[in-house]
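Here are a few short exercises to help you find your way around a new structure. Take a look at the sequence and the model, then try each task before reading its solution.

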Amino acid sequence: MDSIYENTDFKLSTVSSDENQSQHKGNQVTSSKRTKVLLIVLGVSLVLALGGLSVLGFMYVRVLMQLSSQETNSTIMVRELTGNYTRVREQLFFYKAFTAQSLNSDMKLRDWGGKLYFFSSEKLTWSSSRAFCVSKGADLVTITSLPEQIFLLSELKDYYWIGLNDLQTEGNWVWVNNQTLTETGVQFWYQRVSQKSEPDNWSGGGPNGENCAVMANSSNLNSWFDVSCNSMYKFICEKKC
Ligand SMILES: [Ca+2]
Ligand SMILES: [Ca+2]
C-alpha cells in the first residue's frame with residue numbers, strides 16, 4: 001500500500017513540476033513581449049525626439065539667419081543715414097557760407113550730381129573769384145562730363161568764370177583740381193567755321209593773351225571762351241558733397 005501512495009506522490013510531484021515549468025515558460029514569453037514593446041516604444045520615442053531636435057535646429061538656424069539679415073540691413077541703414085546726415089550738414093554749411101553774402105535775385109545755390117554750386121551775382125577777376133570760392137570751403141567749378149555741362153548751361157543767364165586756365169603753360173589747359181582736359185575726356189570750347197575757334201589766346205585785350213576760361217549762356221553746347229584773367233565776370237563755385 002505504501003508503495004502505491006509513494007508512486008501516486010511521485011506522479012503528483014511530476015505533474016506539479018511540469019505545471020511549474022509551463023508557467024515559467026509562460027512568464028518568460030510575457031517578459032520577452034514586454035521587452036519588445038518597451039524597445040519599440042523607446043525606439044519610436046528616440047525617432048520622435050530626433051525629429052523634434054531636427055525641427056528645433058532648423059528653426060534655430062532660420063532665426064539666426066533672420067537676425068543676421070536684420071543686422072546687415074540695420075548696418076546699411078545706419079551707414080546711409082550717417083552719409084545723408086553728413087551730406088545735409090555740408091550742404092547747410094555751404095549754404096550758410098554763401099547766403100551770408102548779400103543775397104539778390106542773381107545769386108543761386110544748386111544741388112546737382114553730388115555737387116553743390118554757387119552762382120555769384122557780383123563780378124570779379126578770375127583770381128579774386130577763385131579766392132572767394134576757396135574762402136567758403138569750395139573752389140571754382142570743374143566741368144568733367146557732358147551732363148554737367150548741360151546742367152550748368154540750363155542755369156546760366158550770363159558769362160561766368162569756370163576753374164580752367166593755362167596760366168602755367170600757354171596752351172596747356174588745367175582745371176583748379178590739377179586735372180587736364182585729356183584726363184577729364186571732355187571739353188566744350190566755342191567753335192568758329194571761318195575764324196580760329198576758342199581758345200584763341202587773343203592778344204587784343206593785353207600782352208598776356210587769354211589764360212582763363214568763362215562759359216557763356218548759350219544754346220550752343222560748346223560755350224567755353226578763353227579771356228583775359230583780369231576781366232570782370234560772375235563766377236561759379238563748386239563743392240563736392
Ligand atoms: Ca592762353
Ligand atoms: Ca578767346
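**Exercise 1.** In which loop does proline 199 lie?

*Solution.* Keep in mind that this is a predicted model. Start with helix 4 (181-184) and move along the chain to strand 6 (212-215); the loop between these two elements holds proline 199. Next, look at the peptide bond that leads from glutamate 198 into proline 199: it is cis, with omega near 0°. For context, most peptide bonds are trans.

**Exercise 2.** Work out whether asparagine 178 is buried or exposed.

*Solution.* First, locate the residue: asparagine 178 sits in the loop between strand 5 (174-175) and helix 4. Then count its C-beta neighbours inside 10 Å, which gives 8. A residue with 12 or fewer is exposed, so asparagine 178 counts as exposed. Its phi is also worth a look, being positive, near 75°.

**Exercise 3.** Do the same for asparagine 201, and find its phi.

*Solution.* Asparagine 201 belongs to the loop between helix 4 and strand 6. Because it has 14 C-beta neighbours inside 10 Å, asparagine 201 counts as partly exposed. Its phi is near 50°, a positive value in a residue other than glycine.

**Exercise 4.** Describe how strand 1 and strand 2 are joined.

*Solution.* Strand 1 (residues 108-112) and strand 2 (residues 115-119) run antiparallel, with five bridges joining them. Within this pairing, arginine 110 has tyrosine 117 in strand 2 as its bridge partner. Finally, turn to the hairpin: two residues lie between the strands, and glycine 113 has a positive phi near 55°.

How values were computed:
Residues are numbered from 1 along each chain as its sequence is written. Chains are lettered from A and ligands numbered from 1 in the order in which they are written. This is a predicted model: local features need pLDDT of at least 70, side-chain atom pairs count only at pLDDT 80 or more; totals for chains, interfaces and linings use all residues. Two strands pair if DSSP finds at least two bridges between them. Helices (H or I, at least four residues) and strands (E, at least two) are DSSP runs, numbered from the N terminus. A residue is buried if 20 or more other C-beta atoms lie within 10 Å of its own, exposed if 12 or fewer, and partly exposed in between; C-beta atoms are placed from the backbone.
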